[in-house]
Amino acid sequence: MENEIQQRFFNKIKQIVPPNYALADELADVLNISKDSVYRRLRGETALSLEEVLVICQHYRITFESLANPDAVTFEFKQLNPDLDSFHQYLQRLLLDLKRIKSFENGELLFAAEDIPVFHHFNHPLLTSFKMFYWMRSIMNVPELEGHRFQPGALTPDLLSTAKEIYDTYIEIPSVEIWTDETASSTLKQIEYYWEAGLFESTELAIAVCDDFITELQHLQRLCERGNKQGAPFRFYLNDIMIGNNCILIKAGHSKFTYLSHHSFNFMLTTDFNFSNQTEIWLDGMMQKSMLISGVSEKHRNRFFMQQIQRVNVLKTQMTL
């Protein structure tokens, strides 16, 4: 029985690492033991100690609950504190996750987008600053930003630098995105709310944020026309059904991970293989009910982006009245 549980434990690890991964080498480093000792544990000849199980679980982000109950699905999330440093740590974790995905052979990111995926914002400095300011002031309630209106210099350069690195990593990962007509609405409403609440330093700044948003949409349209992002395949679907939540599935060889949105822009992660399989089935069904507008369907693609840009232009007009 003990051998069976240990074998199931190692099988779970093998599901979340690349097929050609040097598991024995890494476990030797993680546990600070010889490779021979690792192989005896992998074969079930030597039982893992409780301390070793804990160290491995922490390293591979596996929980005890998932080992004890095969039907349980556990999620990992990192609590955000209301301060600038905590938000920067969130960005750094996101960057590390993307670099890990990029390192997988045949890695792919599938995103059912209730809101515009954060990666796209990070290629546009002014919009990046606005979104971060909004998240930290209005969602995280960071005390340093309380009572402040948005201005480009409100954030430290290291936040913007990390954000740009996130985008540069994302565009090298093959990806699929499923949008609806309302996916861009939350960003538009955030800009509108700040404008109506007097939280922009000036009308000119509010209009400039709108212009940067339009630039983002135009850039996305060009990615869709090409059907790739800097050489990485990019498929973009338009769906008539409300998605309801941001969901990301990572496929990398035999490994699969699922991220679900949590508290607006944060995400929870599960490495549960069965849960990710069900997520993949759901995403496949969403794609079958959607229209592919990247690389094909020029008429529908242009109409979609023109409608989105027109909504931003309407807001800009309201700002000048």
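Me: Are tryptophan 179 and phenylalanine 236 buried or exposed in this model?
Reply: In this predicted model, both tryptophan 179 and phenylalanine 236 are buried, a term that requires a relative accessible area under 20%.

Me: How many aromatic pairs does the structure hold?
Reply: The structure holds 29 aromatic pairs.

Me: What makes the pair of phenylalanine 111 and phenylalanine 267 edge-to-face?
Reply: The ring centres are 6.5 Å apart, which meets the requirement of lying within 6.5 Å; the planes stand at 90°, and since angles over 60 degrees count as edge-to-face, the pair is given that name. This pair joins distant parts of the chain, with phenylalanine 111 in strand E1 (residues 107-112) and phenylalanine 267 in strand E7 (residues 266-270), 156 residues apart.

Me: Why is phenylalanine 111 called buried, and why does phenylalanine 267 count as buried?
Reply: Buried means under 20% relative accessible area; phenylalanine 111 has 3% and phenylalanine 267 has 17%, so each satisfies the cut-off.

Me: Why is the pair of tryptophan 179 and phenylalanine 236 called tilted?
Reply: The centres are 5.0 Å apart, within the 6.5 Å limit, and the 50° between the planes is neither under 30 nor over 60 degrees, so the pair is tilted. Tryptophan 179 lies in strand E2 (residues 175-179) and phenylalanine 236 in strand E4 (residues 232-239), 57 residues apart, and the pair thereby links distant parts of the chain.

Me: What sits over the ring of tyrosine 170?
Reply: The charged end of lysine 229 does, 3.5 Å from the ring centre, and that distance is within the 6 Å allowed.

How values were computed. Residues numbered from 1 in each chain as written. Predicted model: local features only at pLDDT ≥ 70, side-chain atom pairs only at ≥ 80, totals over all residues. Heavy atoms only, no water. Phe/Tyr/Trp six-rings, centres within 6.5 Å; stacked < 30°, edge-to-face > 60°. Helix = DSSP H or I, 4+ residues; strand = E, 2+ residues; numbered from the N terminus. Buried < 20%, exposed > 50% of the residue type's maximum accessible area, 1.4 Å probe, protein only. Lys NZ or Arg CZ within 6 Å of the ring centre and 35° of its normal.
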